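Walk through this structure with the sequence at hand. The route goes from charged pairs to the sheet, and from there to the aromatic rings.

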Amino acid sequence: MRNQTPLYEALQRHRQLGRSAFHTPGHSGKELPFLEDLLLLDVTELPDTDSLYEANGAILQAEQRAAKAMATARTLFSAGGCTLCIQAMLRLVSAKNRKRTILIDRVLHRSAVHAMALLDLQPIWILPRADAGQGFPGRIYPCDVKFLLEQHADAAAVYITSPDYFGVLSDICGIADVCKQYDVPLLVDNAHGAHLFLTGGEHPIHQGAAMTACSAHKTLPVLTGGAWLHIADETYAADAKDAMALFGSTSPSYPVMASLDLCMQWAQVEGREAYECLKRRVDHIKTYAVEHGLVLPQGTTDPTRITLQTAALGLSGEQAAEVFRAHLVEPEYADSANLVLIATPFHTEHDFLRVEQAIAALPKKEPLAVGDTLPLLPEAVLTVRQAVFSSWEEVPVNESVGRIAASAACPCPPGVPVVMPGEMITEEIVRFLIHYRFLTVKVVK
């Protein structure tokens, strides 16, 4: 009988395409010697292998070694991805302060929305300023954080995403200074910046953040699901394991955890030099892209993230992605205006030449318009928790005016949720969603 293992066969077919993998995970599909025997190490909690949430042996030693390398009060391993780290961060600050208000960047991952629902946290939104160019969400500014902290003395934490999916970096040092003035911890979703401790000081844990959730597998040689929770503020170190255990699987993957351990060893021995070489190669590609008419995000960005605004050439990101695939390059992401590539030290010169050949092959047409003005923030009628746990139904977008959203609707770009759970859907929001080809939305019954 045929097709008895559809997923396995699909993965094999994709592998046989022979494309250069410019997407997660950060080992880039290469056969790295230090990861090759991990399947043989797929074991469980045994007397000599330790236990993640009660670590007192090898796992604890590996985490302590990682903490020393990162100069943190504590670093914890996660085999449940950055999601588990985000859940733990929010649990730690809400439990310590017994406060329910979070000042939070409107550019956020859905795991943060779900964690707010589970923990009954109420967001006060910090809106990015569109300073990275048309079609990109932009950055959070310290003065905007300060303004909101003055209005909300009950804030348990400030929560920022940096870098965003396009590689745009906010001023974490400035935001951290503001948070310290108000004695409020700064949490950073650093999912796409786990590697930044190797690029020259851009890692938020070294810029004043109290805690960072770092999705190591996205950009570093780590198996999918491997992440670090870095804790700089000693206040949160003692309870961190309990916070993580509240959400995490009791069967964490030992190969994933071992890859985190091996990655940190690689980072200490080879990582900085490898990333210096990568930065130079990526700089060359960015220059090459601009020479061919492509647009990059403006201002400070991740030096190794390649974001190309293909709309400048009259192509959607999806159309450009097909050109890249024809040149045997698989992108990380494509939308109506942009293409994103994740470059790592494990890409070869042959891989990078494929990228340049794809750029050169992009046709040039009349530029496309990018990015609409976001609707005004809608009224929050229910809390996030109330909305997420309510009975819901899915309705056509054009019939949703006046209804309360049961889930987030987030067009990309700009990557900012237009409506969040508990918020009222307005006519302006409906027009925006229809423009971005949304057909239905989930609303509270």
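Helix α10 (residues 317-326) holds both R325 and E322, which are three residues apart, about one turn of the helix. The model is a predicted one. In it, the side chains of R325 and E322 form a salt bridge, with N and O 2.6 Å apart. R325 has a relative accessible area of 23% and is therefore partly exposed. E322 is partly exposed as well, at 48% relative accessibility. The pair belongs to a network of salt bridges that links R19, E322, R325 and E330.

The salt bridges come to 15 by the rule applied here. Another of them joins R15 to E31, at 3.7 Å from N to O. Because R15 is in helix α1 (residues 6-16) and E31 is in the loop between β1 (20-22) and α2, this pair ties together parts that are 16 residues apart in sequence. Both of these side chains, R15 and E31, are exposed.

Is the salt bridge of E63 buried or exposed? The partner of E63 is K241, and their closest N and O atoms are 2.9 Å apart. E63 lies in helix α2 and K241 in helix α8 (residues 240-247), so the contact ties together parts that are 178 residues apart in sequence. Buried means under 20% relative accessible area. E63 has 2% and is therefore buried; K241, at 6%, also counts as buried.

Helix α2 leads on to the sheet. This helix, residues 58-70, packs on the sheet and touches β2 and β8 (227-231). The direction of α2 makes about 125° with that of β2. The sheet is open and has seven strands in the order β2-β8-β7-β6-β5-β3-β4, with mixed pairing. Its edge strands, each paired on one side only, are β2 (74-78) and β4 (122-126). On average, neighbouring strands are turned by 20° against each other, direction ignored.

Strands of a sheet pair through backbone hydrogen bonds, either parallel or antiparallel. Strand β3 (residues 101-105) runs parallel to β4, and five bridges join the two. One bridge pairs L103 with I124 in β4. A charged side chain is also found over a ring here: R106 lies over the face of W125, at 4.6 Å from the ring centre. A second case of this kind is K442, whose charged end sits over the ring of W392, 4.5 Å from its centre.

The aromatic rings come next. By the rule used, there are eight aromatic pairs. In one of them, the ring centres of F136 and F166 are 5.1 Å apart with the planes at 70°, so the pair is edge-to-face. F136 is in the loop between β4 and α5 (142-151), and F166 is in the loop between β5 (155-161) and α6 (172-181), so that the pair links distant parts of the chain, 30 residues apart. F136 is buried at 3% relative accessibility, and F166 is buried at 6%. Ring pairs also gather F136, Y165, F166 and Y333 into a cluster.

What arrangement do the rings of F432 and Y436 have? Their centres are 4.9 Å apart and their planes lie at 35°, so this pair is tilted. Both F432 and Y436 are buried.

Notes:
Residues are numbered from 1 along each chain as its sequence is written. This is a predicted model: local features need pLDDT of at least 70, side-chain atom pairs count only at pLDDT 80 or more; totals for chains, interfaces and linings use all residues. Side-chain values use heavy atoms; hydrogens and water are left out. Two strands pair if DSSP finds at least two bridges between them. Helices (H or I, at least four residues) and strands (E, at least two) are DSSP runs, numbered from the N terminus. Axes are lines fitted to C-alpha atoms, for helices over the stretch in contact, and angles run from 0 to 180 degrees between N-to-C directions. Contact means heavy atoms within 4.5 Å. Rings of Phe, Tyr and Trp (its six-membered ring) pair if their centres lie within 6.5 Å; planes under 30 degrees apart count as stacked, over 60 as edge-to-face and the rest as tilted. Buried means under 20% relative accessible area, exposed over 50%, partly exposed in between (1.4 Å probe, protein chains only). A charge sits over a ring if NZ of Lys or CZ of Arg is within 6 Å of the ring centre and within 35 degrees of the ring normal. A salt bridge is a side-chain nitrogen of Lys or Arg within 4 Å of a carboxyl oxygen of Asp or Glu.
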